[in-house]
Amino acid sequence: MIQEKISVFDIFKICIGPSSSHTMGPWVAANTFINALDKSSIDTIYVKLFGSLSKTGKGHGTDIAVMMGLSGHDVKTIDVHKLEDYVDYIKLTKQLPLSAELSIPFNPSIQIEFTNERLTQHANALTFIAKLKSGELVEETFYSIGGGFILQEGKEIGERSDFNFPFPIENEKDLLLYINETNLPISEIVRHNELTVRDNATIQKDLIEIWNVMLASIYKGCQTPGILPGGLNVKRRASEMSFLLLKEKTPQTLPDWIECIRQSDQSFTTIIKWVSCFALAVNEENASFGRIVTAPTNGAAGVIPAVLMYYLCFCENKGEEDIVKFLLTAGEMGCLFKKGATISAAMGGCQAEIGVSSAMAAGALTERLGGTPKQVMMATEIAMEHHLGLTCDPIMGLVQVPCIERNTMGAIKAITACQIALTSDPEKAKVSLDSIIKTMKETAFDMHEKYKETSEGGLAINVSVGIPEC
Ligand code: SF4
């Protein structure tokens with residue numbers, strides 16, 4: 001079996017909301033499918049969505065992602081302000097641009113089919129069928145396996161020859177071995193692995209770029225009032241919360257805004273409100289198709305930025321190097337859950353999203369606050385332990401309720417888990433990180449499908465959304 005080699009840059013990816021599995025994955029799959037074809041030979045394209053992509057794809061923007069991916073847009077660089085125009089153009093003209101000069105007829109309401117069928121291999125599947133001008137049909141099926149990762153049917157996970165990690169890590173046991181051998185903190189072990197792919201200056205630059213996108217999403221979310229799209233009429237709350245917390249202050253720039261936060265009173269109530277505000281801000285941006293960082297998913301994109309912002313604003317820190325180390329450690333904790341369990345809500349419910357992001361943040365914060373590697377793993381374990389069994393039941397299939405608030409809970413639990421670990425002896429812990437990952441995986445298997453991003457159970461069926469019946 002090929003050992004899965006995952007970089008922290010696979011865990012943290014710059015993209016747009018609202019979902020890594022339902023938006024980013026299908027988008028990248030569409031890119032992959034179209035780029036493998038001679039575009040001038042294509043007559044028509046059909047897309048079939050299966051399983052969870054079919055059940056909650058409308059609320060998660062899967063149809064939009066597919067159209068943008070087939071049109072060749074890059075999920076990392078697309079101008080989010082033009083997204084609506086691009087989609088409206090296709091819907092109104094019924095033309096799908098494949099390049100600047102080439103378009104084909106495409107009616108999304110007919111040629112993107114929400115099938116209500118489920119493929120056995122994975123809950124998130126989609127098939128692209130291109131009819132070529134020669135009459136030949138080209139058909140490819142992809143699986144969106146969480147966090148923006150995709151698999152193409154018939155293709156194994158490729159051996160990544162450029163990933164010649166000196167410390168290949170599958171589980172906690174491996175990590176403990178390297179810690180004992182090297183006496184290095186987890187962030188440095190991870191850095192050594194990443195150095196086989198990019199030099200240190202690039203690691204620093206790329207991780208700071210990731211942080212800057214996270215920070216921008218916090219700031220933008222805190223400046224933007226209004227109602228979220230999708231029809232549920234959810235009010236954005238981060239901007240009002242930020243305004244109230246700033247009291248009389250009216251900072252005009254991002255650095256000034258951060259400085260005002262740092263000067264806030266350090267009471268428990270104020271800090272908890274700011275942490276919640278940061279998490280709400282990111283996920284309100286995510287729900288608005290805004291630019292965010294998958295961490296490790298979009299639905300859970302607010303937890304890690306909120307905890308890192310908490311660290312930068314309310315704890316002593318040394319600057320950019322601490323941000324880099326925080327993300328290196330958090331990324332590796334995410335890799336452990338991806339390899340040993342899942343980061344897909346369609347496979348494991350919300351424990352796989354908010355639970356994993358909270359565990360990642362808890363471990364990273366613990367290292368930055370001086371915890372030993374064993375305390376880092378203990379904090380990661382504690383945060384997941386108290387998310388086990390968390391279901392995914394988004395109302396109307398939108399990544400809004402319970403998702404946005406749930407990020408605040410993930411962030412607060414991460415800080416709590418960190419504080420418990422910092423004052424505990426990991427040698428006396430009853431639950432290891434490996435055992436919690438195993439438990440999470442088994443819980444995922446046992447969880448009823450209606451709680452796995454299908455919107456067929458839980459809040460999704462018990463909350464009246466006030467939409468009049470036709
Ligand atoms: S309930 Fe959790 S897992 Fe489900 S869409 Fe919302 S954030 Fe993601």
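**Reasoning about two domains and a ligand**

Modeller: In this predicted model, the side chains of Lys-55 and Glu-456 meet in a salt bridge, with 3.4 Å from N to O.

Colleague: Why is the meeting of Lys-55 and Glu-456 called a salt bridge?

Modeller: The rule asks for a side-chain nitrogen of Lys or Arg within 4 Å of a carboxyl oxygen of Asp or Glu; Lys-55 and Glu-456 are at 3.4 Å, N to O, and therefore the pair qualifies.

Colleague: How many salt bridges does the rule find across the interface of domain 1 and domain 2?

Modeller: Three are found there, where domain 1 covers 19-152 and domain 2 covers 172-459; the contact takes 28 residues from domain 1 and 26 residues from domain 2.

Colleague: What makes up the area that domain 1 and domain 2 bury between them?

Modeller: About 1900 Å² is buried between the two domains, and 54% of it is on carbon and sulfur atoms. On the side of domain 1, Lys-55, His-60 and Val-80 lose the most area to domain 2, together 22% of what that side buries.

Colleague: Why are two residues around the ligand classed as charged?

Modeller: The ligand is surrounded by residues including Glu-353 and Arg-406, and because Glu and Arg count as charged, these are the two charged residues of the shell, which also has five nonpolar residues and one polar residue.

Note on methods
Residues are numbered from 1 along each chain as its sequence is written. This is a predicted model: local features need pLDDT of at least 70, side-chain atom pairs count only at pLDDT 80 or more; totals for chains, interfaces and linings use all residues. Side-chain values use heavy atoms; hydrogens and water are left out. A residue is near a molecule or strand if one of its heavy atoms lies within 4 Å of it. Domain bounds come from an automatic or database domain assignment. Contact means heavy atoms within 4.5 Å. Buried area is the accessible area (1.4 Å probe) that two parts lose on being put together, summed over both.
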